[in-house]
Amino acid sequence: MTNLWAFLLQTLSVSAAAVLLLAVKRLFADKLSPRWQYGVWCLLALRVLLPVSTSRDILLPLPVWVEAVKTAAEQRLASAYSAPYAPVSVAAPVPWLTAVPQSVTDWLFVVYAVGVVISLLWYTLSYVRLRRLLRFGLPLTEELSDQLENVCQRYGLDACPALRLEGLSSAFVCGVLRPVLVLPEDREVDNKVLLHELLHLRYRDALQNILWCLLRALHWCNPFLQYVFDRIGNDMEALCDQRVLERLEGEERREYGKILLSMADETYARAPGTTSLSNGGRNIARRIAAIVRFKKYPQGMALVSVCIVAVLAGPVLMGTASGYTDTDTAPVSDAALAQAMARTRLVRCTTAAGALDTYAKGLLLENGIYLAAASPLERQEALQEAMAECSGSYLLYAGEELDAVERNLGYSVCGLTQTEGGYQANLLFAMAEDEDGSETSYVLVPVIVYQEARGWVVEETGQRQTGVTDSDLPAAQYEGVGESGSVTLSACVLCEVDNYISPTDNGSAFWSSGATFDETLKADAEFATVETRLTLTYTYPEDGPSQTVGVLYGPTAVEDAPEEILDAALETQQEGVAASGGGTGGWNWDCRELAQLDGTLRSLGTFTLDGGDALPEGYSVQIYWDGAAREILTLEEVPQ
């Protein structure tokens with residue numbers, strides 16, 4: 001943690017996890033054993049030690065709330081540790097100062113960090129002081145030594161060095177590496193008290209006490225968590241009570257309860273690395289209530305406990321995904337706008353396709369939140385101010401170039417190519433068709449996609465172009481010339497996210513007037529299809545065919561084409577009717593009557609690329625005249 005907001009998010013997330021655990025513990029208070037009641041706190045320890053995820057919610061959308069408050073507060077400050085539009089980040093659960101403090105929030109974080117150091121020093125000095133006091137301890141009397149040895153033998157426990165100390169009200173164990181059992185000098189010690197402390201020793205509770213003290217120090221200024229850590233200490237003692245009672249019989253158990261009751265008003269050791277039978281009157285009252293409910297739990301309950309912990313582990317440690325909702329398109333208040341913008345900085349686009357999809361939908365829907373979700377952080381302030389001027393609405397004008405766009409037709413990505421820092425591409429939007437039914441035209445928006453901090457972002461890189469036709473789209477060009485004429489082929493790569501755009505009759509999975517466009521934000525989308533739109537132009541000589549002309553073309557040698565494709569293409573040519581089709585492997589064929597043409601055959605086809613496949617280095621074309629194979633041409637790519 002390097003700033004106040006990171007600590008605030010961390011401590012609130014830990015508090016939310018604690019609330020959930022306390023609720024579940026209350027629900028199962030009399031149903032599950034003290035082993036479970038204490039063991040479940042291991043989840044809280046992990047939650048304290050693990051940096052909180054800013055894209056996950058634990059019970060409440062805490063990351064969004066903290067981010068929104070941070071932005072509002074830091075806009076009026078010049079902090080060294082945080083900036084208004086730099087998203088909250090929790091890299092570690094411990095504080096770390098990175099610069100000289102400049103603002104109020106910086107100094108508050110310094111106070112917190114100093115408090116952690118002071119807490120740790122206090123715990124350390126308390127332990128050192130206690131160990132120094134033990135130097136004045138007296139050896140056990142022979143009678144007390146025999147008593148301790150008898151307890152160890154009776155219950156099969158290991159002893160440790162022991163001594164007597166003046167002024168103690170109860171026994172306790174001090175230390176981890178060299179533990180010492182400390183007994184009162186002027187009081188008799190019951191065997192059950194010795195058993196309690198020896199069980200603490202056996203299960204290394206002193207070491208666990210050190211861990212809880214360290215975690216307590218990290219959240220010294222959170223009173224709720226201080227209460228929770230007190231409850232954890234009480235549960236540790238209750239578990240030790242359970243272990244004691246399991247080794248005692250009838251009347252001995254009642255006597256053990258009386259011993260606890262007699263210690264209700266006594267002081268107890270508070271230093272790290274120590275354990276004590278007495279832990280305060282209020283806590284002892286809870287422990288006596290647990291003793292009244294004492295029972296030996298069946299073995300099957302252990303499995304139940306494990307299952308409950310496994311179910312709790314997800315929401316406590318990971319939280320729930322903090323994504324976007326359908327309400328992100330509705331007008332809202334300024335406060336809700338601030339929270340929505342905060343979410344865009346925390347839940348970034350995880351894929352390049354997701355960033356392109358989010359940005360394109362932002363333009364289509366004129367949704368400022370969508371645009372912010374896929375834009376660099378440096379644009380966040382400007383986007384938020386622009387939406388605030390619209391009375392807190394997410395509506396944000398996308399530009400006059402997109403006024404004539406058919407929004408229900410969605411978009412496509414064309415010319416996607418990899419660069420050193422990411423990708424460059426063009427967003428393609430279909431414009432409304434003219435009444436005369438002329439060729440469809442598009443708005444082309446050139447962009448780059450790159451990774452920034454936590455996700456992918458999009459930036460426009462040039463002038464938007466309107467009225468772009470199919471022939472104008474960025475495409476690879478292939479050419480070939482033979483005795484039967486010349487052939488050119490353009491291959492335009494189109495990438496699409498699964499936004500429920502229906503395919504058209506001409507083989508392209510692109511535009512369809514009857515399509516239903518999915519307006520949902522998909523920050524983690526992948527391209528469902530990477531399709532190459534092929535446009536082949538074959539110019540034949542005047543002394544060529546007399547009735548029909550046709551082509552069969554694909555990305556490999558013609559002889560390697562699938563047999564069913566070769567048969568279908570030949571059958572079509574021999575029938576001598578106007579027909580076209582496509583098949584597997586990117587093979588397409590076309591046949592036309594000369595009466596329909598004017599010296600040139602133009603054919604449209606598609607070729608689907610799998611995964612990260614690149615365009616082929618060349619294409620092969622089988623030319624047909626009057627139903628018979630005439631010539632095979634090899635098309636080679638023309639440098640752009």
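This is a short group-meeting talk on some surface patches, ring pairs, salt bridges and loop residues in one structure.

Okay, hi everyone. Before anything else, keep in mind that this is a predicted model.

Let's start on the outside. There is a negative surface patch here, and the residues that form it are E142, E143, D146, E149 and E188. Take E143 as our example. You'll find E143 in helix α6, which covers residues 142-155. Is E143 buried or exposed? With a relative accessible area of 67%, E143 is exposed, since anything over 50% gets that label.

Now for a patch of another kind. V19, L59, L60 and W65 make a nonpolar surface patch of about 370 Å². If you want to find W65, go to helix α4, residues 62-74. W65 has a relative accessible area of 35%, so we call W65 partly exposed.

Next up, aromatic rings. How many aromatic pairs does the structure hold? The count is 10. One of them is F28 with W36, an edge-to-face pair with 6.1 Å from centre to centre and 70° between the planes. The two partners sit in different accessibility classes: F28 is partly exposed at 22% relative accessibility, while W36 is buried at 4%.

Then there's the pair of Y478 and Y619. Their ring centres are 5.0 Å apart and their planes meet at 80°, so this pair is edge-to-face. Why does this pair tie together parts that are apart in sequence? Because Y478 belongs to strand β12 (residues 476-482) and Y619 to strand β19 (residues 618-625), and those parts are 141 residues apart in sequence. As for accessibility, Y478 and Y619 are both buried.

While you're in strand β12, have a look at Q477, which is placed there too. Q477 has 28% relative accessibility and so counts as partly exposed. Its C-alpha is 9.0 Å from the C-alpha of C492, and the two residues are 15 apart in sequence.

One last thing on rings: F7, Y81, F109 and Y112 come together as one aromatic cluster.

On to salt bridges. The structure has 16 of them. I'll walk you through a few.

The side chains of D235 and K25 form a salt bridge, with 2.9 Å from N to O. That pair links distant parts of the chain, with D235 in helix α9 (residues 223-247) and K25 in helix α1 (residues 4-27), 210 residues apart. Are these two buried or exposed? Both D235 and K25 are buried.

Here's another: R154 bridges to E252, and their closest N and O atoms are 3.4 Å apart. R154 is in helix α6 and E252 is in helix α10 (residues 250-262), so this pair ties together parts 98 residues apart in sequence. You've already met helix α6, by the way, as the home of E143. R154 is exposed, at 54% relative accessible area, whereas E252 is partly exposed, at 21%.

Now a bridge inside one helix. K361 and D357 meet through their side chains at 3.0 Å, N to O. What separates them along the helix? They are 4 residues apart in helix α14 (residues 352-365), which means about one helical turn lies between them. K361 is buried and D357 is buried as well.

And some charges team up in a network: E67, K70 and R345 are linked by salt bridges.

Last topic, the backbone. Which residue has a phi near 55°? That's E366, and the value is positive in a residue other than glycine. E366 sits in the loop between α14 and α15, the latter being residues 368-373. E366 has a relative accessible area of 16%, so E366 is buried, because the cut-off for buried is under 20%.

D626 has a positive phi too, near 50°, and D626 is likewise a residue other than glycine. Its loop runs between β19 and β20, with β20 covering 628-638. D626 comes out as partly exposed, with 36% relative accessibility.

To wrap up, go back to the model and look for three things. Find the buried salt-bridge partners D235 and K25. Find the edge-to-face rings of Y478 and Y619. And find the negative patch that includes E143. Thanks, that's me done!

Notes. Residues are numbered from 1 along each chain as its sequence is written. Side-chain values use heavy atoms; hydrogens and water are left out. Patches are made of residues with over 30% relative accessible area and no salt bridge: like charges are joined within 9 Å, nonpolar side chains (Val, Leu, Ile, Met, Phe, Trp, Tyr) within 5 Å. Accessible areas come from the Shrake-Rupley method with a 1.4 Å probe; for residues, only the protein chains shown count as cover. A salt bridge is a side-chain nitrogen of Lys or Arg within 4 Å of a carboxyl oxygen of Asp or Glu. Lys and Arg count as positive and Asp and Glu as negative; His and the chain ends are not counted. The place of a charge is taken as NZ of Lys, CZ of Arg, CG of Asp or CD of Glu. Helices (H or I, at least four residues) and strands (E, at least two) are DSSP runs, numbered from the N terminus. Buried means under 20% relative accessible area, exposed over 50%, partly exposed in between (1.4 Å probe, protein chains only). Rings of Phe, Tyr and Trp (its six-membered ring) pair if their centres lie within 6.5 Å; planes under 30 degrees apart count as stacked, over 60 as edge-to-face and the rest as tilted.
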